[in-house]
Every structure is written in C-alpha cells, then in structure tokens.
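Please consider the model shown below. The account that follows leads through its confidence, its aromatic contacts and its nonpolar cores.

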Amino acid sequence: MSQEKDEAAGGPTRAANDEGGGADEVAAAELPDEGIALSAEDRLAAVEAELAETKDRLLRALAETENVRRRMQRERDDALKFGASAFAKDLLSPVDNLRRALDAMPEAELSDPRAKSLRDGVAATERELLAAFERHGLKRVDPKGELFDHNFHQAIFEAERPDVPAGTIVEVLQPGYVLHDRLLRPAMVGVAKGGARA
C-alpha cells in the first residue's frame, strides 16, 4: 500500500530520474557550456563584452544607413540639377543657328522694314531662349579677351598677335555652355600665341 502511494505521488518523477537522470543532467547534456559554473565577475564580463559588440554593430548599421541616405539625397539632387542636360544639349544647336542667322544678315538690308522686323523677331527669340536657359542654370560661355582655360575652352587654332598676351582668346568660333557647375559644351576658340605671357 505504501509502495502504491509512493508510485502515485512521485512515480513520474522517479521514472524520469530512473530513465535519464535529473532535469539538471538533461540541461547539462543539451547545453554542455551551461554545465560549467561561472563566477559572477566572469558572467558580468561576458555580458558586457556582448553588449559592447552589439552596440558596435548597431552604431555601424546606423552609420551605414546614414551614408546610404546621404548618397541617395546627393543622387536625387544631381538628378534634379542635371537631369535635363541631354535636352539642353540638343537645344544648343538651334540657339547657335539663331545667332548665325543674326550675324548673316547684312547691315545694308536693315533699311527694309520687313528685313528689320524679321531680324528683331529672331533676336527676340534668341533673347527669350537664352533667358530660359539662365533660369534653369544653363549659362553661355563667351570668353573673348579672357585667358585660355582648358576646363571650359577648346582651342581650334593659334594666331600670331604680338599686341595681345600669349594665351589670350582672340576669337570665339562657337560659344560654350555650362549647366550649373558642369561643362555641357566647351567654347571653341582661337588663342593668341604672340606677345608676352599674361
């Protein structure tokens, strides 16, 4: 009878103890490192090391996220600033043709009122187009009389001009254009090679 009471009260516990040892032994068998007793200082040092590593990883992830955000903002700004560069480049040739049309009209024909009004219309169209360019950050580079700068000018020829300092632009064959701070087309120029250096 007492044996029956023991089995009823503690039978399953005894059975578990008989089959695989105690719960501590099972946990130690599953996690072998857990069975090693660590001092409080060692556990604290391990937790602090893990915390420092996690904090370092978090700071690196935050820095990477901030870098990606800045890069995307810069690319977005560049796209807004320079997105129309291909379109603007295609408009440069018509603007050049308007200037050629104005330069080709002889002064003698301006006495005719129809020729004069045609010239005034072409000049007004050129002015409006250049004003629209300026509003959108596209500026004309017309460097006659300035020193040659290979960043903005393309030398087509050199001319002997002893009265002009060497390296000075004496003729502009085709004006250049700059979109904000980026060169869209260099100015094609003639450069003086005589005279003293400026």
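The paragraphs below begin with the confidence of the prediction and then turn to the interior.

This is a predicted model, in which local features need pLDDT of at least 70 and side-chain atom pairs count only at pLDDT 80 or more, while totals for chains, interfaces and linings use all residues. Residues are numbered from 1 along each chain as its sequence is written, and side-chain values use heavy atoms, with hydrogens and water left out. The mean pLDDT (the predictor's confidence in each residue, from 0 to 100) is 82 for the protein, and 79% of its residues reach 70 or more. Over residues 8–32, pLDDT stays under 50.

One aromatic pair is found in the whole structure (ring centres within 6.5 Å; planes under 30 degrees apart count as stacked, over 60 as edge-to-face, the rest as tilted). The ring centres of Phe133 and Tyr177 lie 6.1 Å apart with their planes at 90°, so the pair is edge-to-face. Because Phe133 belongs to helix 5 (residues 113–135) and Tyr177 to strand 4 (residues 176–179), the pair ties together parts 44 residues apart in sequence (helices are DSSP runs of H or I, at least four residues, and strands of E, at least two, numbered from the N terminus). Phe133 is buried (under 20% relative accessible area; exposed is over 50%, partly exposed in between, with a 1.4 Å probe and protein chains only), at 6%. Tyr177 is also buried, at 0%.

Both residues belong to the largest nonpolar core (buried Ala, Val, Leu, Ile, Met, Phe, Trp, Tyr and Cys residues joined through side-chain atoms within 4.5 Å), which has 10 residues. Helix 4 (85–104), helix 5 and strand 4 each give two or more residues to this core, and helix 4 gives the most, with three.

Definitions and conventions. Contact means heavy atoms within 4.5 Å. Rings of Phe, Tyr and Trp (its six-membered ring) pair if their centres lie within 6.5 Å; planes under 30 degrees apart count as stacked, over 60 as edge-to-face and the rest as tilted.
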